[in-house]
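Subject: A structure for you to look through

Dear colleague,

I am handing over a structure that I have been reading through, and you will find it just below. Please open it beside this message and follow along as you read.

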Amino acid sequence: MAKRNAAGNGTIRKKTVKRNGKDYVFWEARYTVGTDPGTGKQIQRSISGKTQKEVAQKLKAATVALDTGTYIAPSKMTLGEWLDIWQRDYLGGFTVASYSATIRNHIKPALGAIRLEALQAHTIQNFYNTLAKDTESRSALSPKTVQNIHGVLHNALKQAVLNKYIHSNPTDACILPRKEKRQITPLDEADIRKFLKAIQGHPLEALFTVTLFTGMREGEVLGLGWDQVDFERGIIRIVRQLQLQRGGGGHYIYAPLKNDRIRSISPASWIMQLLHAHKAKQAALRLQAGALWEDSGLVFTNEVGHHLAVNTVFRQYKAVVTSIGRPDARFHDLRHSYAVASIMAGDDIKTISSNLGHATVAFTLDVYGHVTDQMRQASAQRMEQYIQQVLSQ
């Protein structure tokens with residue numbers, strides 16, 4: 001016999017069905033969610049459970065949601081199916097390429113088969129924890145990589161909430177692994193002199209020099225186009241980065257900037273003059289290559305205009321820094337060297353943060369705080385000398 005629930009907005013009944021010759025007993029509630037505009041008939045949904053109490057609670061939650069306008073109809077859409085829709089209809093440009101590898105290689109294999117509405121925070125948390133642990137089949141991913149994967153999944157589910165496919169974003173409750181703060185090893189003034197001397201006449205001299213004195217990331221300098229260099233105004237616009245696509249068979253893609261922060265920088269005039277000279281050298285190479293030249297529009301290319309490979313740049317850079325006694329220096333340390341030199345030169349931290357493309361000034365201070373601490377100590381020492389000088393007169 002059907003039983004009216006307390007609110008009177010649905011019915012609960014006990015049901016028995018036969019499966020493989022056995023009787024299975026469960027409770028079911030049916031409730032009305034609206035009216036079909038075409039036929040005028042009521043649209044009904046059902047909820048089932050093992051006990052009457054369980055079904056009554058589910059029915060109450062559904063009727064409250066209907067009354068408050070927060071009801072979301074049950075759906076069989078899986079997370080994998082939603083990710084396909086999200087990539088196709090809600091992402092564009094560089095973002096599709098940069099996110100697709102993360103979805104394909106990490107999120108879909110682990111979570112793709114789960115129904116979107118059944119995805120729980122603890123399931124996602126377990127996924128993150130597994131990524132961060134060593135297994136027999138693969139090495140643990142770095143905290144930074146796990147955070148990047150979280151960013152993709154979070155954004156996809158955020159749109160699902162806006163579309164009213166789910167009530168809330170389960171990734172909001174997840175705890176991410178903390179990034180380990182890595183000690184930076186910039187080139188000091190003596191190292192920079194040796195470095196500049198070592199790269200004189202080197203095929204990548206211009207690339208190394210521009211990176212050192214602008215603080216651009218490796219992908220940003222490799223993806224820099226001539227249309228981004230304004231010689232008349234002395235400005236470089238940084239709008240994209242060239243990246244090796246993971247799992248893409250050695251293919252390169254133009255990806256969005258980190259933090260999606262397009263920026264303009266004003267390098268020293270000496271750097272702009274160097275770029276002008278480099279452009280003339282590239283024009284000569286273009287004439288020499290003839291029909292073999294690839295019109296990529298990039299500032300830094302090989303002898304036939306093709307973009308440079310990350311591995312090639314790495315090998316050439318490592319050979320140079322090893323020759324000057326700094327084999328530990330990473331290519332990214334050229335960026336750190338620029339930042340430290342800017343701070344020591346007295347540039348304000350906000351300008352430095354903007355030039356580097358950091359999300360916040362606080363992040364810049366966190367990375368280079370030791371440099372500002374040294375400057376404060378040096379300032380205190382200078383003030384002490386001044387005070388002692390005044391007192392001695």
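The notes that follow go through a sheet, some helices and a loop, one after another.

Please keep in mind throughout that this is a predicted model.

I would begin with the sheet, which is open and is formed by 3 strands in the order β5-β6-β9, with antiparallel pairing. Its edge strands are β5, covering residues 229-230, and β9, covering residues 263-265, and each of these pairs on one side only. If you look at β5 in more detail, you will find that 2 bridges join this strand to β6, which covers residues 235-238, and that the two run antiparallel. One pair to look for here is V229 with I236, since I236 is the bridge partner of V229 in β6.

Next come two helices that pack together. In general, two packed helices are described by the angle between their axes and the distance between the axes. Helix α7 (residues 205-214) and helix α11 (residues 332-344) have axes that come within 6 Å and cross at roughly 40°, and α7 is therefore oblique to α11, given that angles under 35 degrees would count as roughly parallel. On the α7 side the contact is made by F208, T211, L212, F213 and T214, while α11 contributes L334, S337 and Y338. When the residues of this contact are sorted by character, 5 are nonpolar, 3 are polar and none is charged.

Staying with α11, you may want to look at D333, which lies in this helix. Is D333 buried or exposed? Its relative accessible area is 0%, and because anything under 20% counts as buried, D333 is buried. Leaving aside its neighbours within four places in sequence, D333 is in contact with T185, P186, L187 and D328.

Helix α2, which covers residues 79-90, shows how buried residues can be arranged along a helix: those of α2 are L79, G80, W82, L83, W86 and Q87. Seen down the axis of α2, these buried residues fall within an arc of 160°, so they line one face of the helix.

Finally, there is a loop between α5 (143-162) and α6 (189-198), and K164 is found in it. Although K164 is not a glycine, this residue has a positive phi of about 65°. K164 has a relative accessible area of 58%, and because a value over 50% counts as exposed, K164 is exposed.

With best wishes

Definitions and conventions:
Residues are numbered from 1 along each chain as its sequence is written. This is a predicted model: local features need pLDDT of at least 70, side-chain atom pairs count only at pLDDT 80 or more; totals for chains, interfaces and linings use all residues. Side-chain values use heavy atoms; hydrogens and water are left out. Two strands pair if DSSP finds at least two bridges between them. Helices (H or I, at least four residues) and strands (E, at least two) are DSSP runs, numbered from the N terminus. Axes are lines fitted to C-alpha atoms, for helices over the stretch in contact, and angles run from 0 to 180 degrees between N-to-C directions. Angles under 35 degrees count as roughly parallel, over 145 as roughly antiparallel, 65 to 115 as roughly perpendicular and the rest as oblique. Contact means heavy atoms within 4.5 Å. Ala, Val, Leu, Ile, Met, Phe, Trp, Tyr, Cys and Pro count as nonpolar, Asp, Glu, Lys and Arg as charged, and the others, Gly among them, as polar. Buried means under 20% relative accessible area, exposed over 50%, partly exposed in between (1.4 Å probe, protein chains only). The arc is that of the directions from the helix axis to the C-beta atoms.
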